[in-house]
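Subject: Structure handover

Hello,

Here is the structure I promised to pass on. Please open it alongside this note.

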Amino acid sequence: MTGGRTGTTGGASNLTSQVTFDDSLFSLFAASADLNGDGLLDLATVGFDSSLTVLVGEPDGGLSAPVTYPGVADGYAIAAGDINGDGRPDVAVSNGASVAVLVNDGTGHLSLQGSYATNSQVRAIAIGDLNGDGLGDLLVAESVSEQGRAVELFWGSSGTFAAPVGLPGLSGSALGGVAVGDLNDDGLVDIVANSADGSQLAVLLNEGDGGFTTDLYPTQASGQVILVAKDAATPPDIFLGLASDGLQLLKNSGQGQFSIVPKYSVPGGIWLTTGDFNGDGIPDVATTSNINCQQMSWGISVLYGDGDGGFGNAQSLTYTRTAPSGLAALGPVDSPRELAIVDACGGGITVYQDLSP
């Protein structure tokens, strides 16, 4: 392992790149959460070596030595959120045709709580309290639709999960995306689910009784789905990855109804994350998409928020590793201003830091 405190200046704002770990670490997906309760986001990654890896965020913007949990993951999906209602973020990861759930003891140490079978290989996971009982529920997008069940919902029950319930009408594909959040400001957690075959996006508004009202939007989504709100008082908009065709923004009316705006031209758009990457207090969006170990393509781009829910033209970051893939925001929980990129082909983890005041 090697670390460094200086690096190549990126082409956007004051982001400066730093290879924090360069130890042939293979990671495909990443998620961030404050696992040890110190107010800083920590990084969790999964790769093709069947391991979950956790690196604790440090006050100087670096990351601790990795802690590995072997044999629990296959590298395709990861999510962090409170599973058992104790206020601490836990972690769920894909492991073939199942989801492994690891609970947090409050210090950042994770223990395998259980593994839950799915219809097919898991491609995306989201965690949220969908029925208001204080326990996390699991939303899982899968690679193949079986009897209309490409997206399944596992209701939480005392830290374990009931048999999954299929969400109908969503077909499967190699890249599915799911996200959860309150889309219409009614205090209930709603669902966004990529159909994954690239034809439609489903918005499922929570009715509060275990049921959902579904609206479908024509899109060409084939990557991740994230929610981005311009401020804490505004219901979030939806961002979709369109693979090599850029990003799609769906603007929220405030009531959970969405309008599709023109696409943002970005070189690639599979993995997405949001954070304040230039320190202006406005959410920004970062994207990357490359799992080709033979050549660099697409790279990393940042779209800076304009304060009105829109975004400027994509700006590229310099990347000197091999294949940038999953990414996550790091730094203080209330104002993440660092961007972590994991490399699918053994390039370690690169952290971009915002050095503006």
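Is leucine 110 buried or exposed? Leucine 110 has a relative accessible area of 2%, so it is buried. Keep in mind throughout that this is a predicted model.

**Strand β9**

Leucine 110 belongs to strand β9, which covers residues 110-117. Its C-alpha atom is 9.1 Å from that of leucine 35, and 75 residues of chain separate the two. Tyrosine 116 is in strand β9 as well. With 13% relative accessibility, tyrosine 116 falls under the 20% limit and therefore counts as buried. From the C-alpha atom of tyrosine 116 to that of serine 98 is 5.2 Å, for residues 18 apart along the chain. Tyr116 also takes part in a ring cluster: ring pairs join Tyr116, Phe154 and Phe161.

**Aromatic pairs**

The count of aromatic pairs is seven. One of them joins phenylalanine 29 and tryptophan 271. Their ring centres are 5.6 Å apart. Their planes meet at 70°, over the 60 degrees required, so the pair is edge-to-face. This pair ties together distant parts of the chain, 242 residues apart. Phenylalanine 29 is in strand β2 (residues 29-33), and tryptophan 271 is in strand β24 (residues 271-275). Phenylalanine 29 is buried at 8% relative accessibility. Tryptophan 271 is buried too, with a relative accessible area of 4%.

A second pair to look at is phenylalanine 239 with phenylalanine 311. Here the centres are 5.0 Å apart and the planes are at 80°, so this pair is also edge-to-face. The two residues are 72 apart along the chain. Phenylalanine 239 is in strand β21 (residues 237-241). Phenylalanine 311 is in the loop between β26 (300-303) and β27 (315-317). Both phenylalanine 239 and phenylalanine 311 are buried.

One charge-over-ring contact is also worth a look. Arginine 123 places its charged end over the ring of tyrosine 76, 4.0 Å from the ring centre.

**Nonpolar cores**

Which residues touch the most other members of the largest nonpolar core? They are Leu52, Ile78, Val93, Phe277, Val302, Leu339 and Tyr352, out of 37 residues in that core. Two or more residues come from each of β2, β3 (40-46), β4 (51-55), β7 (90-94), β8 (98-104), β26, β28 and β29 (338-343). Strand β2 gives the largest share, three residues. Another core lies apart from this one and has 15 residues, including Ala141, Leu153, Leu167 and Leu204.

**Pocket and cavities**

The largest pocket holds about 1500 Å³ of space. Its lining is made up of 50 residues. Nearest its centre are Ser32, Ile226, Leu227, Thr273 and Thr274. Several strands supply at least two lining residues each: β2, β6 (78-81), β10 (122-128), β16 (178-181), β20 (225-228), β24 and β28 (324-332). By class, this lining has 35 nonpolar, 12 polar and three charged residues.

How many cavities of 30 Å³ or more does the structure hold? There are three. The largest cavity has a volume of about 70 Å³. It is lined by 13 residues. Val228, Lys230, Pro283, Gly309 and Phe311 lie nearest the centre of this cavity. Its lining comprises five nonpolar, four polar and four charged residues. Phe311 thus appears twice in this note, once in the pair with phenylalanine 239 and once in the cavity lining.

**Two loop residues**

Aspartate 185 has a phi near 60°, a positive value in a residue other than glycine. Most residues other than glycine have a negative phi. Aspartate 185 is in the loop between β16 and β17 (190-194). Its relative accessibility is 57%, so aspartate 185 counts as exposed.

Glycine 134 is in the loop between β10 and β11 (137-142). Glycine 134 is partly exposed, with a relative accessible area of 40%. Its C-alpha atom is separated by 9.0 Å from that of aspartate 82, which is 52 residues away along the chain.

Best wishes

Methods: Residues are numbered from 1 along each chain as its sequence is written. This is a predicted model: local features need pLDDT of at least 70, side-chain atom pairs count only at pLDDT 80 or more; totals for chains, interfaces and linings use all residues. Side-chain values use heavy atoms; hydrogens and water are left out. Rings of Phe, Tyr and Trp (its six-membered ring) pair if their centres lie within 6.5 Å; planes under 30 degrees apart count as stacked, over 60 as edge-to-face and the rest as tilted. Helices (H or I, at least four residues) and strands (E, at least two) are DSSP runs, numbered from the N terminus. Buried means under 20% relative accessible area, exposed over 50%, partly exposed in between (1.4 Å probe, protein chains only). A charge sits over a ring if NZ of Lys or CZ of Arg is within 6 Å of the ring centre and within 35 degrees of the ring normal. On a 1 Å grid over the protein atoms alone, a cavity is a set of points where a 1.4 Å probe fits but cannot get out, and a pocket is an open set with protein on both sides within 12 Å along at least five of seven lines; lining residues have an atom within 4 Å of a point. Grid points are joined across faces, edges and corners, and a volume is the space filled by probe spheres set on the points. Ala, Val, Leu, Ile, Met, Phe, Trp, Tyr, Cys and Pro count as nonpolar, Asp, Glu, Lys and Arg as charged, and the others, Gly among them, as polar. A nonpolar core is a set of buried Ala, Val, Leu, Ile, Met, Phe, Trp, Tyr and Cys residues joined through side-chain atoms within 4.5 Å.
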